[in-house]
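Biologist: Please pick one part of this model and take me through it slowly, then show me how the rest of the chain fits around it. Plain words are fine, but spell out any cut-offs as you go.

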Amino acid sequence: MAKNIKYILIIYLFIVTTGCSSKYFVQDDTYSNNPIYRAEYAEKLVNDSKFDQAIEEYKKHIDILRDLKRQNKASEEEIAIAYYYYKISEIYLKLNNIDEAIAYNKIAEDLKLDKIFVINQYVKIANSLELHDRRYEAIELLKSKLDLEVDLFNYEIDRIYKDQIELENQSIST
């Protein structure tokens, strides 16, 4: 079963990266319960900057995978489910909805998505908080996640602190 999941993910990644995906599917109920179609269609929506629709498609995809798991037709869908929570987090970050991005990345983390995805997303979220002048929130987020990656997060925390001090010094001198 694990090999099947790997092959499906490899095929999915090939289809998404080559751009030959959704054009072969008719957008009707024929494929509405096909998890690969749902994922491909969500990626197409992201590429078309239709973020709200993409979020809904990923949520439908998650529901389908959860239903398969409940029916014992799939045993390793948790990894895929976690990945799609991560993808929703990415979309919310693009929409500057940082609180939702954090919430969905936390779900992906709790579902044991590979740490590299989770860690990178927390860094992106912290950078977004910093860009929105919410540096102290970025620092607190990274501090709360030090158990995931001490060195990288400490580096980011130090960098943000230094940037904040520099900005405060600039405002004092002007």
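Modeller: Let's settle one term before anything else: a residue is buried when its relative accessible area is under 20%, exposed when over 50%, and partly exposed in between, using a 1.4 Å probe and protein chains only. This is a predicted model, in which local features need pLDDT of at least 70 and side-chain atom pairs count only at pLDDT 80 or more, while totals for chains, interfaces and linings use all residues. Residues are numbered from 1 along each chain as its sequence is written, and side-chain values use heavy atoms, with hydrogens and water left out.

The part I'd pick is helix H6, residues 115-131. Helices here are DSSP runs of H or I with at least four residues, strands are E runs of at least two, and both are numbered from the N terminus. The chain has eight helices and zero strands, and 40% of its 174 residues count as buried.

H6 itself has 17 residues and spans 24 Å from first C-alpha to last, close to the 24 Å expected at 1.5 Å a residue (the expected span is 1.5 Å times one less than the number of residues). Its buried residues are Val118, Ile119, Gln121, Tyr122, Val123, Ile125, Ala126, Ser128, Leu129 and Glu130. When you look at how they are spread, keep in mind that an α-helix has 3.6 residues a turn, so residues three or four places apart point the same way.

Take Ile125. Leaving out residues up to four places away in sequence, Ile125 touches Ser89, Leu93, Ile98, Ala101, Ile102, Asn105 and Leu141; a contact is a pair of heavy atoms within 4.5 Å. Ile125 also shares a title with Tyr84: of the 42 residues in the largest nonpolar core, these two touch the most other members. Such a core is a set of buried Ala, Val, Leu, Ile, Met, Phe, Trp, Tyr and Cys residues joined through side-chain atoms within 4.5 Å. At least two residues of this core come from each of H2 (35-47), H3 (51-70), H4 (77-94), H5 (98-110), H6, H7 (135-144) and H8 (150-173). The top contributor is H4, with eleven residues. As a rule, nonpolar side chains tend to be buried together in soluble globular proteins.

Now for the polar residues. Gln121 of H6 counts as buried because its relative accessibility is 1%. Beyond its sequence neighbours within four places, Gln121 is in contact with Tyr86, Ser89, Glu90, Leu93 and Asn105. That last partner, Asn105, sits in helix H5, and with a relative accessible area of 0% it is buried too. Asn105 in turn touches Tyr86, Ser89, Val118, Gln121, Tyr122 and Ile125, again skipping residues up to four places away. Its side chain reaches the backbone oxygen of Val118 at 3.3 Å, a polar contact, meaning N or O atoms within 3.5 Å; within protein, one must be able to donate a hydrogen and the other to accept it, and residues adjacent in sequence count only if both atoms are side-chain atoms. Asn105 and Ser89 are 16 residues apart along the chain, yet their C-alpha atoms are separated by 5.5 Å.

Further along H6 comes Glu130. So why does this acidic residue count as buried? Because its relative accessibility is 10%. Apart from neighbours within four places, Glu130 is in contact with Arg135, Ala138, Arg159, Ile160 and Asp163.

Ile160 brings us to H8, where Phe153, Glu156, Ile157, Ile160 and Gln164 are buried. The buried residues of H8 pack against H6 and H7. H8 has 24 residues and reaches 34 Å from its first C-alpha to its last, close to the 34 Å expected. At its start, a side-chain oxygen of Glu149 comes to within 3.4 Å of the backbone nitrogen of Leu152.

Finally, the two ends of H6. Most residues other than glycine have a negative phi. Lys112, in the loop between H5 and H6, has a positive phi near 70 degrees, and at 69% relative accessibility Lys112 counts as exposed. On the other side, H6 is followed by Asp133, whose phi is also positive, near 55 degrees.
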